[in-house]
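Trainee: Hi, could you walk me through a protein model today? I'd like to go slowly and ask things as they come up.

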2 protein chains.
Amino acid sequence: MNQIKPRTLKGFRDFLPSEAKKRQWLIEKLRSVFESYGFEPLETPALEYAELLKGKYGEEEKLIYEFETKGKDKVALRYDQTVPLCRAITQYQNELVFPFKRYQIQNVWRGENPQKGRYRQFIQCDADIIGSFSPLADAEILKLVLDIYKTLGLSVTIKINDRENFKNLDKRYVTAIDKLEKIGESEVLSEMIDKGMAEGVAKKALSDLAKKPQTEKVKKILSTLKQMGGTMNKIIYEPTLARGLDYYTGMIFETVVKGSSGSLCSGGRFDKLIGQFLGKDIPAVGFGLGFDRTIEVLEENNLIPPQESSSKALVTILDNKDKSLEIYKKLKDENISCELYLNDGDKLEKQLKYADKKSIPYSIIIDGNNIALKDMEKREQENLSLKDIIEIISKT
Amino acid sequence: MNQIKPRTLKGFRDFLPSEAKKRQWLIEKLRSVFESYGFEPLETPALEYAELLKGKYGEEEKLIYEFETKGKDKVALRYDQTVPLCRAITQYQNELVFPFKRYQIQNVWRGENPQKGRYRQFIQCDADIIGSFSPLADAEILKLVLDIYKTLGLSVTIKINDRENFKNLDKRYVTAIDKLEKIGESEVLSEMIDKGMAEGVAKKALSDLAKKPQTEKVKKILSTLKQMGGTMNKIIYEPTLARGLDYYTGMIFETVVKGSSGSLCSGGRFDKLIGQFLGKDIPAVGFGLGFDRTIEVLEENNLIPPQESSSKALVTILDNKDKSLEIYKKLKDENISCELYLNDGDKLEKQLKYADKKSIPYSIIIDGNNIALKDMEKREQENLSLKDIIEIISKT
């Protein structure tokens with residue numbers, strides 16, 4: 001085997017056990033909330049025909065990971081989960097139950113310039129309702145987002161708007177206004193002017209926008225959300241919120257957390273996107289949740305519980321190997337999650353260090369015919385019968 | 001948007017909710033057994049430097065999905081999880097706890113010629129112990145495999161052998177003998193003869209092999225397994241079992257199930273593979289479990305429980321929308337997994353059909369001020385107070 005420098009590609013990450021466990025913890029939390037609302041999992045392959053993905057992402061298209069297979073297929077790695085969703089809806093429309101409520105938690109790949117918080121492979125977590133034009137669906141999506149962050153213990157605010165507020169503005173100005181929070185009003189104005197709007201008109205457009213009252217649609221969604229039990233003081237109407245993507249057709253929203261810039265979770269209604277595949281309108285509303293961003297904010301707020309060891313005890317192995325194996329067998333027979341130390345010959349100290357490093361709460365030290373239970377945190381050790389040991393460990 | 005035929009690439013699959021749920025069920029079962037043995041998750045990226053993967057898979061190398069990125073990096077999709085594991089061990093040797101016991105459940109990609117049971121993207125599920133030369137580790141791997149299939153309710157047999165039995169045979173003959181079960185003795189003999197062995201020598205080699213007694217190593221592993229509580233009548237010593245891959249250095253094994261050809265799960269000891277990256281010996285023993293094959297056999301044996309709806313009730317919505325929303329809110333406040341029908345305006349019949357299709361056990365029918373609970377399976381409906389309804393649903 002050729003010796004090469006072991007390294008991961010720029011923008012790609014390995015997740016060692018402690019990190020992988022945290023991520024698994026978040027995935028399970030998300031799944032449980034999605035499923036409590038009747039959302040079901042959908043999975044699509046990592047590779048798609050490149051032609052399916054192209055022409056969908058505007059300027060960002062250059063970030064698609066695209067290549068030709070040996071069989072001359074032009075393929076691309078999944079760039080997001082919305083386009084594959086549209087494909088799947090079209091392909092399986094007769095097998096799915098509508099309104100179709102699905103979630104997807106999968107990796108996507110983008111040729112980003114790696115920098116803090118920007119990766120080339122990252123998990124996207126999406127939930128969408130397909131097949132309902134009703135504000136009930138919009139309200140349920142908001143309620144779901146509120147419940148996700150309530151479950152995670154994170155206090156968030158949802159900014160909401162209606163794309164109708166931009167109906168007289170060309171797409172290029174919407175893209176500029178989308179940057180309002182990021183670059184500020186004067187920068188947005190110069191961009192609008194650069195893009196062809198007279199200064200006075202641009203100023204008026206922005207100030208008119210800021211004064212727009214809630215649209216009928218927003219009013220209806222929010223009153224429904226209230227009836228559903230949504231926490232209304234977490235919702236802010238923000239008429240300048242734009243969301244750059246041009247496929248939104250109604251409600252748009254972003255979820256923010258105090259003291260942190262950027263959005264954790266955002267989405268809206270897109271009634272025309274799927275229809276373009278199918279040749280008929282299929283309404284849809286949903287969101288994408290930034291998995292890495294959410295992990296980061298949860299960590300900043302100490303909201304990820306310490307990931308406990310799955311093993312409750314380490315069975316050490318010294319001179320009386322038969323006894324160690326016998327005790328290991330008995331613990332396994334009792335369905336106790338535990339480990340036997342697998343390098344017989346190592347000193348007790350090294351074996352206990354293993355338990356420490358893996359945060360295993362107890363070690364069972366077998367020395368001759370003597371059995372002792374060591375509480376690894378308290379550093380206390382006591383000679384006990386196996387029966388007592390099993391009772392103590394089982395309660396952990 | 002250009003209208004293109006919605007289709008998945010050859011050899012790639014979408015998983016609609018019912019299928020995705022089954023797969024999720026199996027993943028969770030596997031995780032729980034792995035973790036009860038102290039195995040921890042590890043994740044590596046989908047893409048690696050192509051040079052890392054090349055020169056590792058022999059003839060199969062042509063199946064690697066390889067391409068050049070726009071940044072001129074030569075990259076390849078993960079072909080298996082063993083080579084990335086070797087890379088990770090080398091890269092993070094100072095951060096990991098040894099013996100390092102990890103599992104990986106991730107997709108791999110291979111340019112296979114798609115046919116029944118052969119896919120180009122499929123989940124591989126691996127578990128390995130790195131850093132122990134002891135037969136304790138070999139025995140624990142076998143115990144883990146037995147426990148996995150016990151948990152899944154599937155009766156399997158593990159065939160075991162020692163690569164030492166082949167020590168006087170050239171690699172090319174081992175590859176031929178590996179096909180014994182698949183193509184039979186006479187075919188294997190002709191292949192050995194084709195590869196350069198005289199007929200008499202080949203015959204004698206095969207018959208000598210078949211008569212080989214258990215090696216000391218196998219004896220030690222099996223006696224340890226017995227002490228650990230392994231079900232010994234599930235283990236068969238098979239001195240002709242070869243396992244083609246040339247990196248095995250000790251115990252090798254395959255897991256088979258009656259009435260089904262091929263192996264569900266196989267592995268062995270590979271003490272030289274990781275060391276080739278690192279320049280020093282690092283012992284390792286483990287296995288790969290065929291995820292698709294296991295799902296298939298479980299289905300054939302009716303061992304996958306019906307995937308129940310996550311929703312316990314559907315709240316219908318007819319003329320009294322406020323009442324429906326009020327009841328939905330109350331159920332959610334009680335943390336009951338439930339759904340509100342999201343297309344107000346649809347007839348009751350259509351709403352109930354939705355509950356049926358999603359196997360939701362109850363529908364709550366709100367007609368004016370009247371509330372009825374409908375048991376969807378029994379097709380029975382009864383007017384009840386919301387309090388009673390909550391009590392009944394909570395017990396489901």
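**Charges, rings and two chains**

Mentor: Happy to! Let's start with Glu238(B), which is partly exposed, with a relative accessible area of 23% (buried means under 20% relative accessible area, exposed over 50%, partly exposed in between, with a 1.4 Å probe and protein chains only). Before we go on: this is a predicted model, where local features need pLDDT of at least 70, side-chain atom pairs count only at pLDDT 80 or more, and totals for chains, interfaces and linings use all residues. Residues are numbered from 1 along each chain as its sequence is written, chains are lettered from A and ligands numbered from 1 in the order in which they are written, and side-chain values use heavy atoms, with hydrogens and water left out.

Trainee: Okay, which residue does Glu238(B) form a salt bridge with?

Mentor: Lys159(B), with the closest N and O atoms 3.8 Å apart. A salt bridge here is a side-chain nitrogen of Lys or Arg within 4 Å of a carboxyl oxygen of Asp or Glu.

Trainee: And where do Glu238(B) and Lys159(B) lie in chain B?

Mentor: Glu238(B) is in the loop between strand S8 (235–237) and strand S9 (251–257), while Lys159(B) is in strand S7 (residues 156–162), so the pair ties together parts that are 79 residues apart in sequence. Helices (H or I, at least four residues) and strands (E, at least two) are DSSP runs, numbered from the N terminus.

Trainee: Is Lys159(B) buried or exposed?

Mentor: Lys159(B) counts as buried, at 8% relative accessibility.

Trainee: How many salt bridges does the structure hold over all chains?

Mentor: There are 70 over all chains. One of them joins Lys219(A) and Glu216(A), with 3.4 Å between the closest N and O atoms. Those two are 3 residues apart in helix H9 (residues 216–227) of chain A, so about one helical turn separates them.

Trainee: New topic: how many salt bridges are there between chain B and chain A?

Mentor: The count is 8. For example, Glu51(A) forms a salt bridge with Arg7(B), at 3.5 Å between the closest N and O atoms.

Trainee: How many residues of chain B are in contact with chain A?

Mentor: 98 residues of chain B are in contact with 98 residues of chain A, where contact means heavy atoms within 4.5 Å. Also, 100% of the interface residues of chain B are interface residues in chain A too, so the copies meet through the same surface.

Trainee: What turn lays chain B on chain A?

Mentor: A turn of 180° with a shift of 0.0 Å along the axis, giving an RMSD of 0.1 Å (superposed by least squares on the C-alpha atoms of residues with pLDDT of at least 70 in both). The two copies are thus related as by a two-fold rotation axis.

Trainee: Let's do rings. How many aromatic pairs are there over all chains?

Mentor: 19 over all chains. Rings of Phe, Tyr and Trp (its six-membered ring) pair if their centres lie within 6.5 Å; planes under 30 degrees apart count as stacked, over 60 as edge-to-face and the rest as tilted. Phe12(B) and Tyr65(B) are an edge-to-face pair, 6.4 Å centre to centre with 65° between the planes.

Trainee: Are Phe12(B) and Tyr65(B) buried or exposed?

Mentor: Phe12(B) is buried, and so is Tyr65(B). By contrast, Tyr247(B) and Tyr248(B) form a tilted pair, with 5.1 Å between centres and 50° between planes.
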